[in-house]
Amino acid sequence: MDLAIPVPDSLAAPGRHLLALRISTFHLPASLVGYVYSAYAGSYQAMANRRSRLMPLVFLGGFLIIGVFYGVLFGLDRRRLTLLLVSSLCFSVVALLMAESWREALGYTTDVHIVRLWLVTGLTGLVSLLLAGTFLVQFRVPRRGWWAGLLIASMGAALFVPGFDTKSLFVIGLGLAVALGATGWALVRRKTGAGWAFAGVAVCTATLSLTGLGFLDAYFFPAFAFLVACLLAALGRQIRDERQRLEAERLTSARLEVELLKKQLQPHFMMNSLTSVIEWMESDPKAGVRFVEALAGELRLLAEVSGERLIPVERELALCASLLDVMRYRTDIVFELDTAGIRPADLIPPALFHTLVENGITHSTAGPSDSPVRFRLTATHADGRVRYVFDTPHPAPSDHPDREGTGLRYVRARLTESFGTNWTLTAGLHDGMWRVVVRFAQVESWKGGTVGEWGTS
C-alpha cells in the first residue's frame, strides 16, 4: 500500500529534474483499476518515517488490561451489566487500535486497503454504540432501550455518507452525543460519579469538534483514554458508595432484627403470657397447652428466619399463622388472613408480612365479642415484578395516620438490604382500610447477595 523509493545521490544534483512515474494497476481487482491515492516527492527519511506512526499502539496494552480486569469482575458479579459493557468497550477499542495500526505496523497490498477501511468503520461504530450503552446502563437512564435503538438506526445513515473518514467521524459523533446526553441527565439528578463521566465525554466531544477529521488520526485515542479513565473513576465511586450504603443497611437491618426479636420477647409480653398459662393450667389445661405450643411454634419460626436474607412466601405465611394463633388465645379475638394470587415458591425478606400483621393487630380496636378481624394479602405478578397489597380493617390511629414506627422501618430496611433501590412501599388509608403496597423484583430462587439490579439492567 505504501512504498518509498530512494532517488540515487547521483541523480539528486542541484538543478531542475524530470521525474517519470510509470504505474500499473492491471493486477488489481476491476473495482480498484485506475485508483491511485497519492504520490509525493521529498525527503526519503520523511517518507520512511510515515510508516513508523505507531502511537495508537501505546494505548493498546492499557485498554487490554482494563478489558480483562473488568471482564473478570463481571464473571464474579454477573448482576452488574456495566462491568460487562466496560470490558466489551475496552476490547473493541483494542480491536480498533490494531486495525488502525495495521497499515503502519505490518503493511499490506492495495487490494486489502478497502477491507481495512470497512473494518475500521465498523469497529468505530461498535465503540460508539458500547460507549453510549455503557453510560445509559450505568446511570439507569429512562427508556435506554429506545435511545439505543435510535442510535443504531442513526448509524445506518452513515452508509450514505461519502468517505470512510467521514463515516467514522459521523458514527463516533453520534455515540458521543448520546453519551453526553446521558451523563448530563445524570449530572442534573446528582447521581454518583456523574461529574467524572460528564467531564470525560465533554472533553472528548470538544476535541472532536475542534479537530474535525484530524480527530481520528491524531487525537482519538488520547482523548478516548481520558474518557475511559473518567468512566472508571465514576464507576469506582458508584461501587464504593453502593458498598458503603449496603453495609450501613445491613447494620440497620441487624439492629431492627434485634429490636423485632426484643419486641417478641419483651418482659411485659412474656409476663402476660406466663400469667395466661398459669390461669389456663388451673381452669383449662388443654387450652394452656395449645397456647404454649402456638407460642413456641411462633418463636421457633421467628428464630429460624430472622437471620435469613430471603425466605419462601409459604414459610412467611406459616409464621403469620402462628402469630394469629397466639393472639387469638391472648385476646379472645379471632384473627384471619385471607390471601389471593400468592405463589408459595416466591422469595421475600423474612418477617415482612409478619410485621404488617403485627402492626394491624396492635392498632386493632376490636373487642372480644366482635366479629373476626380479617386481614387481606393480595399478590399480582407482571413484567418480572411482584406487587403485594396488605389491607388492615382497622387503620392506625387517626391522630398519627402516617407515622412510621419500628415495624415499617424494619420492612424498609429489609427491602433495601435484599433489593437495593429496586423496590417501592406506600402506606395510607384506602376505602376505610389501612393499605400497605410493596413492589419489587420477583425472585424465584436465590443463592445469596442482593438483587438490587434484577429486572433493571
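Trainee: In what order do the strands of the open five-stranded sheet run?

Mentor: The order is β2-β4-β5-β7-β6, and the pairing is mixed. Before we go on, a word on the source. This is a predicted model, where local features need pLDDT of at least 70 and side-chain atom pairs count only at pLDDT 80 or more, while totals for chains, interfaces and linings use all residues. Residues are numbered from 1 along each chain as its sequence is written, and side-chain values use heavy atoms, with hydrogens and water left out.

Trainee: What makes something a strand or a helix here?

Mentor: Both are DSSP runs numbered from the N terminus: helices are H or I with at least four residues, strands are E with at least two. On that basis the chain has 13 helices and seven strands.

Trainee: Which strands of the sheet are called edge strands, and why?

Mentor: They are β2 (335–340) and β6 (423–430), each of which pairs on one side only. Two strands count as paired if DSSP finds at least two bridges between them. As for how the sheet is laid out, neighbouring strands are turned by 15 degrees against each other on average, direction ignored. Those angles run from 0 to 180 degrees between N-to-C directions, with axes fitted to C-alpha atoms, for helices over the stretch in contact.

Trainee: How do you know that β4 and β5 are paired, and in which sense?

Mentor: Seven bridges join β4 (residues 373–382) to β5 (residues 385–392). The cut-off is at least two, so they count as a pair. They run antiparallel. Within that pair, Arg376 has Asp391 as its bridge partner, and Ala379 has Tyr388.

Trainee: What makes the pairing "mixed" rather than of one kind?

Mentor: Look at β2 and β4: they pair in the parallel sense over six bridges, with Phe335 opposite Val373. At the other end, β6 and β7 are antiparallel, joined by eight bridges, and Leu425 stands opposite Val438 there. As background, strands of a sheet pair through backbone hydrogen bonds, either parallel or antiparallel.

Trainee: How many residues sit between the two strands of the β4 and β5 hairpin?

Mentor: Two, and Asp383 in that turn has a positive phi of about 55 degrees. The β6 and β7 hairpin also has two residues between its strands, with Asp431 in the turn at a positive phi of about 55 degrees.

Trainee: Which strands does helix α11 touch?

Mentor: Helix α11 (residues 313–331) packs on the sheet, touching β2, β4 and β5, and its direction makes about 160 degrees with that of β2. A contact means heavy atoms within 4.5 Å.

Trainee: How do you know the span of α11 fits what is expected?

Mentor: The expected span is 1.5 Å times one less than the number of residues. For the 19 residues of α11 that gives 27 Å, and the helix reaches 27 Å from its first C-alpha to its last. Helix α4 (residues 110–138) works out likewise: 29 residues, a reach of 42 Å, close to the 42 Å expected. Just after α11, Asp332 takes a positive phi of about 60 degrees.

Trainee: Why is Arg439 called partly exposed?

Mentor: Buried means under 20% relative accessible area, exposed means over 50%, and partly exposed lies in between (1.4 Å probe, protein chains only). Arg439 has 34%, so it belongs in the middle class. This residue lies in β7 (residues 433–441) and contacts residues including Arg387, Trp423 and Thr424.

Trainee: Cys90 and Cys204: buried or exposed?

Mentor: Cys90 has a relative accessible area of 1%, so it is buried. Cys204 is at 1% too, so it is also buried. Across the chain, buried residues make up 42% of the 457, and α11 contributes several, among them Leu319, Leu323 and Met327.

Trainee: Why does Cys204 not count as part of a disulfide?

Mentor: A disulfide is a pair of cysteine sulfur atoms within 2.5 Å. The closest cysteine sulfur to that of Cys204 is in Cys230, 9.9 Å away, so it is too far for a bond. The structure as a whole holds zero disulfides.

Definitions and conventions: Lists of a residue's contacts leave out its neighbours within four places in sequence.
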